Amino acid sequence: MRLRSFFVLGTAALLLISGCTAEPTPTPRPSGSPSVSETTTPTPTPEQIVEPEAAFDVTCDDVAAEMRDLVGEPSSPVEPALSVVSTMSWIPGPAQYMFQRAGGIACSAGATGEQHWEVALVPGAESVIAGATERDGYFGENARCEAGMCFFTFPEGEVLLTASVHAPGLGNADVERVEEAMRRLAASASASLREVEYIPSEIVGLPCERFITEQEVAGIVGEDVGLFTDFGGWGIPAEVYEYVNGSRICYYTSATGDLGSISSHLMLTALPAGAWAFERLDGAAVDVEGADAAKASVGENGENILDVRVGADWLRFMTYDNGSGAADPSPLATAAVRNLTVGPTAPQ
């Protein structure tokens with residue numbers, strides 16, 4: 001798994017390490033919902049707010065206990081989500097809960113510049129590895145510690161574990177003891193593996209244009225717009241997010257210019273059947289026409305963030321400070337919600 005950090009500052013382009021290929025097809029699951037065709041109009045189901053069940057008995061409490069023995073008490077509470085420390089810029093928000101959507105867990109603790117760690121386990125190891133391998137995002141088992149960091153990726157039966165640990169003093173001599181702890185967690189998950197219901201969602205597999213088109217964004221921002229859906233690099237998170245979950249990363253920019261000069265207009269990410277996670281979000285409650293609920297917040301680099309619940313699904317709209325303040329994402333969110341609930345507006 002290749003992890004890199006990218007941020008949008010000024011007019012710099014957002015380089016998203018996800019390695020999207022042309023319109024991913026979600027990985028089939030025994031009780032999953034089928035992909036929705038581009039012409040299907042999703043019908044919101046506001047009553048369906050259900051937290052996904054893990055396919056094994058290992059919890060974040062179990063992970064925290066192992067990590068406490070390895071590196072001590074974390075500097076921040078343990079969160080049942082992927083870390084936002086030194087991660088891909090598309091992770092914060094819906095993608096933090098991608099492993100739960102897939103029947104797994106994700107646990108993290110710690111803050112930037114301090115000791116921090118992240119552990120994720122997901123069932124269906126064989127298919128996840130096969131897909132990531134096909135897209136050049138899996139290079140075999142990984143177990144290494146160096147310069148205060150440890151990284152692990154390996155399957156145990158039908159459970160796949162990925163983990164990173166950052167703590168002063170970690171080095172090659174720590175590989176065995178940290179790996180033993182990771183192996184215990186993966187073995188326990190594998191031993192308790194069971195089939196669970198995969199909560200259906202009508203946004204699974206939808207292309208970016210079904211949410212909002214380049215032309216619609218252009219009409220709102222007042223300039224020509226390009227849509228990025230293909231990015232470099234791949235890893236287990238991208239495989240789980242795009243193929244297992246059937247989610248999309250939709251990045252709308254100015255239509256011309258090189259990667260160092262284009263303006264960033266909108267990044268749209270989503271968690272199918274993610275209403276349960278949306279309900280836990282902080283943020284100021286706001287109104288978005290057609291949405292069941294919405295919350296507004298501000299990112300670390302001045303981004304305006306609008307999280308929207310449409311039926312059972314969670315969508316995040318993020319606009320960027322390109323030198324004169326971040327744009328209001330509300331018109332973009334309103335257009336996307338209309339497209340999902342009413343249907344796309346006929347082209348003029």
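**Figure 1. Helices α6 and α9 cross in this predicted model.** Helix α6 covers residues 214-221, and helix α9 covers residues 330-341. Their axes come within 10 Å. They cross at roughly 150°. An angle over 145 degrees counts as roughly antiparallel, and α6 and α9 are therefore roughly antiparallel to each other. The crossing of α6 past α9 is right-handed.

**Figure 2. Residues where α6 meets α9.** From α6 come Glu216, Val217 and Ile220. Facing them in α9 are Pro331, Leu332, Ala335, Arg338 and Asn339. By class, five residues of this contact are nonpolar, one is polar and two are charged.

**Figure 3. The largest nonpolar core.** This core has 33 residues. Val119, Leu161 and Met182 have the most contacts inside it. Several helices and strands each supply at least two of its residues. The helices are α1 (60-71) and α4 (175-191). The strands are β1 (105-110), β2 (116-123), β4 (149-156) and β5 (159-166). Helix α4 gives the most, with seven residues.

**Figure 4. The surroundings of Met182.** Neighbours within four places in sequence are left aside here. Met182 is in contact with Met67, Leu70 and Val119. Phe152, Phe154, Leu161 and Ala163 are also among its contacts.

**Figure 5. A second, separate core.** This core has 31 residues. Among them are Ala106, Ala120, Phe231 and Ile305.

**Figure 6. Helix α7 is mostly covered.** The helix spans residues 236-244, and nine of its nine residues are buried. In order, they are Ile236, Pro237, Ala238, Glu239, Val240, Tyr241, Glu242, Tyr243 and Val244. Both Glu239 and Glu242 are on this buried list.

**Figure 7. Packing around α7, and the glycine that follows.** The buried residues of α7 pack against two helices, α2 (98-101) and α3 (125-134). They also pack against strands β4, β5 and β8 (264-271). After α7 comes Gly246. The phi of Gly246 is positive, near 75°.

**Figure 8. The whole protein, for orientation.** The protein has nine helices and 12 strands. Of its 348 residues, 54% count as buried. Among contacts with a separation of 6 or more, 69% join residues 24 or more positions apart.

Technical notes:
Residues are numbered from 1 along each chain as its sequence is written. This is a predicted model: local features need pLDDT of at least 70, side-chain atom pairs count only at pLDDT 80 or more; totals for chains, interfaces and linings use all residues. Side-chain values use heavy atoms; hydrogens and water are left out. Axes are lines fitted to C-alpha atoms, for helices over the stretch in contact, and angles run from 0 to 180 degrees between N-to-C directions. Helices (H or I, at least four residues) and strands (E, at least two) are DSSP runs, numbered from the N terminus. Angles under 35 degrees count as roughly parallel, over 145 as roughly antiparallel, 65 to 115 as roughly perpendicular and the rest as oblique. A crossing is left-handed if the near helix is turned anticlockwise from the far one by less than a right angle, and right-handed if clockwise. Contact means heavy atoms within 4.5 Å. Ala, Val, Leu, Ile, Met, Phe, Trp, Tyr, Cys and Pro count as nonpolar, Asp, Glu, Lys and Arg as charged, and the others, Gly among them, as polar. A nonpolar core is a set of buried Ala, Val, Leu, Ile, Met, Phe, Trp, Tyr and Cys residues joined through side-chain atoms within 4.5 Å. Buried means under 20% relative accessible area, exposed over 50%, partly exposed in between (1.4 Å probe, protein chains only).
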